[in-house]
Amino acid sequence: MSGGNFSALSGLTSRVAEKLREASGLYVLVTHYDADGLASASIIARLLMKLDRDFVIRVVDQLDELSLQSLPRGDFYVFTDLGSSSIESIAKMGFTPAIVLDHHEPLRGQVKVEDTWEVNPHLVGINGGREISASGLAYLVAKHLNLVDHDMAYLAVTGAVGDRQDSAPNGLVGPNKLIVEEAMSKGWISSSSGLRLYGVPRYPLVKSLMYTVDPLLPGLTYDEAACQRFLEVTGIPAKKADGSPMTYGDLRPEEKSRLATALIKHLLAKGINPQAVDSLFGFTYEFLFEAESSPLRYAHEYAQLLNACGRLKRHGVGLAIGLGDRERALSQAEAISLEYRRRLAQYLSLIRNDPSYIRLLNNIQVLKLSGLVDDRVLGAVSSIVLSSYMCDVSRPLVSLTTSSHGRIKVSVRVHESLSRRGVDIGPLVKEAAEKVGGSGGGHAVAAGAIIPEEGCDVFLKLLDETMGLRLARGG
Ligand code: C5P
């Protein structure tokens, strides 16, 4: 990231910060349900509390006409983690004055619409997929007003980690890194590198192995007995001398490297590509002002909690945590997170044991989960099914479930080996969805759509055909 780009980004954030400060009356915050959406809205809400303003928050699945129609009216609107592709609709439907803090690639360049001010890193040459998320943008807005605190820094880092922006070898990069460095210099955050298993370093090792889904550990994820055997064979006791479970934090350095080596061997033997194996190692960001025993102490766990709350439609609990509740909401979130993992395990075992869930078409495969999997969980299930080789990885996996208002939620995942052949699924999904009266989009390996139920068969046929044409053309 060049300094010039960052100063251009600061120019954009300072302009919206001024607009936010100048406004008055009721603020309406609109955000996406994922970890970055909940974290970014929490930062803006904290900022508004410091400015002594009134606000309401709405959490939506996407910003389409239906969700726009359902928004409450206020005096000033703030859209976080969405909005760049809907600026014209936002203004047309009268949700102005408004600011938009979005990091998703806009459909086209900046759209100039009266009374709306947009911050999107892509507009100033910063990669919004890797270098800053909506939470980072919200943090920069607060920073311009000299109102940042450690909680906001934690949320900024958590949002970025929730969007997997920490997957570079050195962890967070670009403006995200500047935010971390600033927080480190204030003694708010520390970072260390090591194994990126779930719940490391606090959780029992068996659970850390079992619940790691990014990357998925084939043969271990969601299989407790297999994880116990794996530790046994690696010569690492699952329990300590006092009978309490062994955690990663309890291991001696020599045991940590033995575990790492055993995992690498295990994954390579399962045919996982070395890049995915690499992603097992990385940075952990520790929030020094959170209690040592709290799941909010580590960025990845904080992000997982928010993610689980959002996906199980308990986003209110996630927001309460973002706003500072460390009691009731936190214990609720821990229960939600457990329930989320339990459900994922249940869906995956159903799919694994019943091949009829997946239907092969010519060039795609369809995983029909209507009535079984909730629309917000579909993407996660889709990702795991493909990355754990529970389906044919040479074709895109198109998962379907019922959504609200007689619509179908579609989640498409493409294996890396197929995307390396030049297949960019996002535009194909967008085109097929729009042809049947829905909307959609995405990128090379992940795309999604919302389509009317009656258009589902045609949508699948169109996607199957365009995929065939794309493959025949060599990508
Ligand atoms: O919902 P899911 O996780 O499957 O979405 C995958 C990707 O597709 C996301 O990056 C999202 O931005 C994009 N998407 C979209 N339009 C939708 C749904 C998803 O552009 N209606």
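**Helix α2, its sheet and two cysteines**

In this predicted model, aspartate 34 caps the N-terminal end of α2, with a side-chain oxygen 3.2 Å from the backbone nitrogen of aspartate 36.

Me: What makes the contact between aspartate 34 and aspartate 36 a polar one?
Reply: The cut-off for a pair of N or O atoms is 3.5 Å, and the oxygen and nitrogen here lie 3.2 Å apart. The pair therefore counts as a polar contact.

Me: How do you know that the length of α2 agrees with that expected of a helix?
Reply: Helix α2 has 16 residues (35–50), which at 1.5 Å a residue should span 22 Å. The C-alpha atoms at its ends are 23 Å apart, and this agrees.

Me: Why is α2 described as largely enclosed?
Reply: A residue is buried under 20% relative accessible area. Of the 16 residues of α2, 14 are buried, so the rest of the structure largely encloses the helix. Helix α2 lies across β1, β2, β3 and β4, running at about 165° to β1.

Me: What makes β2 and β5 edge strands?
Reply: The open sheet has the order β2-β1-β3-β4-β5, with parallel pairing. Strands β2 (54–60) and β5 (116–119) each pair on one side only.

Me: Why is cysteine 456 called buried?
Reply: Its relative accessibility is 8%, and the cut-off is under 20%, so cysteine 456 counts as buried. Cysteine 227, at 0%, is buried as well.

Me: How do you know that cysteine 456 is in no disulfide?
Reply: Two cysteine sulfur atoms must be within 2.5 Å, whereas the nearest cysteine sulfur, that of cysteine 391, is 18 Å away. The count of disulfides comes to 0.

Conventions: Residues are numbered from 1 along each chain as its sequence is written. This is a predicted model: local features need pLDDT of at least 70, side-chain atom pairs count only at pLDDT 80 or more; totals for chains, interfaces and linings use all residues. Side-chain values use heavy atoms; hydrogens and water are left out. Helices (H or I, at least four residues) and strands (E, at least two) are DSSP runs, numbered from the N terminus. The expected span of a helix is 1.5 Å times one less than its number of residues. Buried means under 20% relative accessible area, exposed over 50%, partly exposed in between (1.4 Å probe, protein chains only). A polar contact is a pair of N or O atoms within 3.5 Å; within protein, one must be able to donate a hydrogen and the other to accept it, and residues adjacent in sequence count only if both atoms are side-chain atoms. Two strands pair if DSSP finds at least two bridges between them. Contact means heavy atoms within 4.5 Å. Axes are lines fitted to C-alpha atoms, for helices over the stretch in contact, and angles run from 0 to 180 degrees between N-to-C directions.
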